[in-house]
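Visitor: Could you walk me through a few of the labels used for this model? I'd like to hear the reasoning behind each one.

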Amino acid sequence: MLLLLVCEDEDYFTLFRDAIDVINIQARCVHASDGEKALALLKAYPEELPDAIFLDEKLAGMTAIECASLIKSNPETGNIPVYVCGDKPKNAAEKEAYRKSGVIDLVMKPTDFAGTVQALRRVLL
């Protein structure tokens with residue numbers, strides 16, 4: 001399994017990767033620091049597309065909604081599940097905007113390791 005995490009925070013990527021190890025699934029984690037870099041990565045390696053993409057809701061440049069929309073509108077990447085990681089609950093309008101962009105689920109971005117493991121276990125298993 002190949003997972004792509006798109007976020008600026010290197011520490012969160014390390015936490016994410018370590019949580020994947022604890023879940024005990026065979027997965028490789030790849031990191032992109034923003035939406036533009038994620039889209040370039042997807043385009044550069046069409047033979048090795050991720051099985052799931054996790055977007056930080058607070059991306060620099062393009063928003064998570066814009067990035068998800070571009071991923072989902074591309075025939076090469078449109079079938080990849082996209083999740084958004086955020087640190088606050090969303091209201092109904094925000095949830096609908098994410099849903100319309102093709103996001104499968106909103107994953108609360110916990111502040112601790114155990115919470116991260118639990119959140120990833122919920123969506124990956």
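Guide: Sure. This is a predicted model, and a good place to start is helix H1, which passes H5 in a right-handed crossing.

Visitor: What makes that crossing right-handed?

Guide: A crossing is called right-handed if the near helix is turned clockwise from the far one by less than a right angle. The axes of H1 (residues 10-23) and H5 (residues 113-124) cross at roughly 60° and come within 9 Å.

Visitor: Which residues make the contact?

Guide: On H1, they include Tyr12, Leu15, Phe16 and Asp18. From H5 come Phe113, Thr116, Val117, Leu120, Arg121 and Leu124. By type, the contact of H1 with H5 has 11 nonpolar residues, one polar and two charged.

Visitor: Now Glu57. Why is Glu57 called buried?

Guide: Buried means under 20% relative accessible area. Glu57 has 15% relative accessibility, so Glu57 counts as buried.

Visitor: Where does Glu57 lie, and what does Glu57 touch?

Guide: Glu57 sits in the loop between strand S3 (52-56) and helix H3 (64-73). Leaving out residues up to four places away in sequence, Glu57 touches Ala64, Val84, Cys85, Gly86, Asp87, Lys88, Lys90 and Tyr98.

How values were computed:
Residues are numbered from 1 along each chain as its sequence is written. This is a predicted model: local features need pLDDT of at least 70, side-chain atom pairs count only at pLDDT 80 or more; totals for chains, interfaces and linings use all residues. Side-chain values use heavy atoms; hydrogens and water are left out. Axes are lines fitted to C-alpha atoms, for helices over the stretch in contact, and angles run from 0 to 180 degrees between N-to-C directions. Helices (H or I, at least four residues) and strands (E, at least two) are DSSP runs, numbered from the N terminus. Contact means heavy atoms within 4.5 Å. Ala, Val, Leu, Ile, Met, Phe, Trp, Tyr, Cys and Pro count as nonpolar, Asp, Glu, Lys and Arg as charged, and the others, Gly among them, as polar. Buried means under 20% relative accessible area, exposed over 50%, partly exposed in between (1.4 Å probe, protein chains only).
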